[in-house]
Amino acid sequence: MVGIEPFSNLRRRAIVLIALAATAAGLVASPPLAGADAGAGDVVVSTSSIKGRDGTTYTVTNHVVRTKGEGRRKEWLLVWTGDASVPGGPVGAASHAAHRKAAGEGSADPDFLAVIDATKGSRDYGKVVNTATIGPLLQNEPHHMQYVWHKGDKVYAGGLLSDTTYVFDVAQLPQVKLSGVVTATDTPCGTAPDAFTTLKDGTAYGAYMGGPNVPGPCTYTHGEVRTGNGAAGTPGEVLRLDQTGRVRVEYPAATEAAEPDTCHSIPQVDPPTCANPHGIRVREDLNRLVTSDFAEVRSLMLIPSADFYIARDTVRIYDIAHRDRPRLLSVSRLPDGPRKEPFLIEEEPRVVMETALTNERHHKGGFVSTMGGASIYYTPDITDPKPKWREVFDDTTAFTRLAPELDNRVGMDGGSWLQTSADDRYLYHVVMRRGDESSGGKDTGMVYVLDVRKLVDAGKRTRCNIDTLEEVTRGGAEPDCPSLVSVLPVEDPTTGGPHWAALDNFRQGPGGYYQETRQPTRLVLANYFVAASPFDGDHRVCMVNISPRQQLSLDRTFKDEYTGRPCVEFNRSAWPHGETGDARPHGVLFAVSDADVR
């Protein structure tokens with residue numbers, strides 16, 4: 001019988017995760033914020049607000065640090081950040097006092113969108129120039145934004161635990177305005193917002209991992225009904241948002257019929273489904289949307305259950321020819337790999353976290369990565385009604401490159417962010433930590449680059465398949481398998497490591513204006529996962545250079561303004577908005593003021 005263990009060592013501690021509030025009204029308001037257009041010393045304060053459809057007034061308050069003009073156009077790094085003064089979990093009327101007592105200090109401070117100068121050569125390179133604090137909700141657990149920002153886009157940012165999505169206007173960076181808010185009452189059939197992907201018209205699709213606000217049947221936008229077991233449970237959904245945060249469609253990720261009998265939930269959903277979408281990507285030219293199923297999040301994050309069939313091994317593909325009427329086309333179970341692990345959650349196809357799609361018109365392939373199984377899978381055609389997924393790379397190969405003297409066969413390494421270069425030549429992947437604690441390297445995460453040209457160019461003739469133990473540690477034997485180009489270790493004194501990242505899709509052109517590029521020269525990492533989890537991380541944000549030959553190196557000029565060390569420290573006492581202490585950086589995104597993009 002296969003043994004079961006949560007996150008390899010989750011037995012050491014249980015995450016304190018309170019069920020999501022069904023409405024936002026129960027959450028505690030933030031401390032008072034400065035009035036609009038106020039100035040305080042070297043910080044200029046201004047507030048924008050919007051009234052949500054739940055009747056609550058939501059705010060974003062800028063705290064812009066006065067800097068000496070350099071006469072140059074700037075590129076910015078946006079970091080979606082949570083306050084760390086209170087242990088993880090939403091702060092509601094009943095739970096706020098308990099969190100204060102546990103923290104040993106006063107009430108929580110506001111979450112915020114940090115704006116950092118990301119302009120190479122700038123005197124303020126790496127400096128936090130604005131903290132745009134949000135109100136009135138506290139302890140949102142800021143999570144992901146969209147994967148790439150394009151000129152004119154709004155920024156869609158999810159609060160994992162508050163069940164709230166914020167829509168930010170960043171057209172005049174470093175200033176940030178609030179364009180809209182998606183409250184818990186706006187999405188009755190889905191909770192736990194995860195990631196977003198934008199369309200050319202500026203709207204966005206979002207993946208909500210969790211079930212409906214309340215257990216029972218829920219009716220989606222076009223009259224379809226699914227039965228769920230409640231907030232942060234099962235099934236999740238896909239929604240489409242406009243640039244003001246209006247929900248254009250809620251669409252069920254679950255099929256009407258029963259899915260595999262290994263699709264467990266607690267309590268069990270009838271009919272069973274594995275629909276807990278996490279990663280979400282779109283190919284508009286192919287009219288396809290792809291989501292990856294993570295896990296029933298509350299059952300994974302609460303005192304762990306012995307039933308780890310709540311950890312998913314499925315991928316979903318949707319037809320989006322009619323943008324406001326998605327249609328689920330396929331649910332694919334990823335095949336198992338050659339490793340035989342003592343714990344079910346560490347098998348190769350388990351805990352499917354992220355997706356990445358090819359971009360070129362003549363390519364139709366898609367990738368997914370597994371957090372539990374430490375593997376990358378590929379299908380050559382996402383338009384195929386019965387797509388065939390194969391394992392094409394095991395993270396063990398990259399760990400072996402770092403430490404060839406160790407027994408590097410690993411599972412549950414926290415493999416996370418995954419993205420292709422715009423020209424489909426390379427695939428970038430972030431891994432939180434070495435999964436095998438016996439190796440002695442449990443606090444080492446990494447980011448690596450794969451050359452996927454042969455795999456992608458093979459089309460449906462691809463042969464790559466990781467099906468032997470030798471391929472686990474040395475890479476695929478077939479000629480079209482991805483080759484490991486470069487791997488950069490990211491050491492972390494905590495049990496965390498890099499979880500999320502973003503490619504810099506801009507370069508500076510004539511007149512100092514920015515243009516989008518298909519060949520990125522750097523990426524940024526955030527060392528943080530979820531509050532109170534075993535993968536908390538050290539709360540640093542690091543810049544990584546990418547050479548023309550795709551060699552990765554830490555950008556040591558991207559320094560913390562206080563310590564002078566490489567990487568920006570989010571464990572600090574003071575921010576532009578005050579002495580609020582440590583913060584937790586999660587989503588990261590490069591952006592440029594609209595006027596500076598050509």
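The exercises below, each with a worked solution, concern a predicted model of a protein chain.

**Exercise 1. Establish how many helices and strands the protein chain has, and what share of its residues count as buried.**

Solution. Begin with the secondary structure, which comes to 5 helices and 35 strands. Next take the accessibility of the chain, where 65% of the 598 residues count as buried. Finally turn to the contacts with a separation of 6 or more, of which 65% are accounted for by residues 24 or more positions apart.

**Exercise 2. Determine over which residues the pLDDT is below 50 or stays under 50, and say how these stretches should be read.**

Solution. The mean pLDDT of the protein chain is 88, and 86% of its residues reach 70 or more. Over residues 1-40, however, the pLDDT is below 50, although this stretch has 122 contacts in the model beyond near neighbours in sequence. Residues 89-106 are a further stretch where pLDDT stays under 50, and for them the model has 39 contacts beyond four places in sequence. Where pLDDT is low, the predicted coordinates should not be read in detail.

**Exercise 3. Describe the largest pocket by its space, its lining residues and the elements that give residues to its lining.**

Solution. The first step is the volume, and about 900 Å³ of space lies in the largest pocket. The second step is the lining, which is made up of 31 residues, with Val148, His150, Val282, Asn359 and Ala422 the closest to the centre of the pocket. The third step is to assign elements: β10 (191-198), β16 (277-283), β20 (352-357) and β24 (415-420) are those that give two or more residues to the lining, and the largest share, 3 residues, comes from β16. As a last step, sorting the lining residues by character gives 9 nonpolar, 12 polar and 10 charged.

**Exercise 4. Decide whether Thr198 is buried or exposed, and identify which residues it touches.**

Solution. Thr198 is found in strand β10. Its relative accessibility is 13%, and because buried means under 20%, Thr198 counts as buried. The side chain of Thr198 makes a polar contact of 3.5 Å with the side chain of Asp153. If residues up to four places away in sequence are not counted, Thr198 touches Gln146, Val148, His150, Asp153, Tyr156, Thr203, Ala204 and Val282. Val148, His150 and Val282 appear in that list, and these three residues were also named among the closest to the centre of the largest pocket.

**Exercise 5. For Arg312 and Val472, work out where each residue lies and whether it is buried or exposed.**

Solution. Arg312 is found in the loop between α2 (297-301) and β18 (314-319). With a relative accessible area of 0%, Arg312 is buried, and a polar contact of 3.4 Å joins its side chain to that of Thr234. Arg312 and Arg333 are 21 residues apart along the chain, and their C-alpha atoms are separated by 8.8 Å.

Val472, by comparison, has its place in helix α5 (residues 469-474), and at 0% relative accessibility it counts as buried. Val472 and Arg339 are 133 residues apart in sequence, while the distance in space is 7.9 Å, C-alpha to C-alpha.

**Exercise 6. Find how many residues of helix α3 are buried, and which they are.**

Solution. Helix α3 spans residues 395-402 and is mostly covered, with 6 of its 8 residues buried. The buried residues in α3 are Asp395, Thr396, Thr397, Ala398, Phe399 and Thr400.

Definitions and conventions: Residues numbered from 1 in each chain as written. Predicted model: local features only at pLDDT ≥ 70, side-chain atom pairs only at ≥ 80, totals over all residues. Heavy atoms only, no water. 1 Å grid on protein atoms, 1.4 Å probe; cavity = no way out; pocket = protein on both sides within 12 Å on 5 of 7 lines; lining within 4 Å. Points joined across faces, edges and corners; volume = space filled by probe spheres on them. Helix = DSSP H or I, 4+ residues; strand = E, 2+ residues; numbered from the N terminus. Nonpolar A, V, L, I, M, F, W, Y, C, P; charged D, E, K, R; others polar. Buried < 20%, exposed > 50% of the residue type's maximum accessible area, 1.4 Å probe, protein only. pLDDT = per-residue confidence, 0-100. Contact = heavy atoms within 4.5 Å. Polar contact = N/O pair within 3.5 Å; in protein donor to acceptor, adjacent residues only side chain to side chain.
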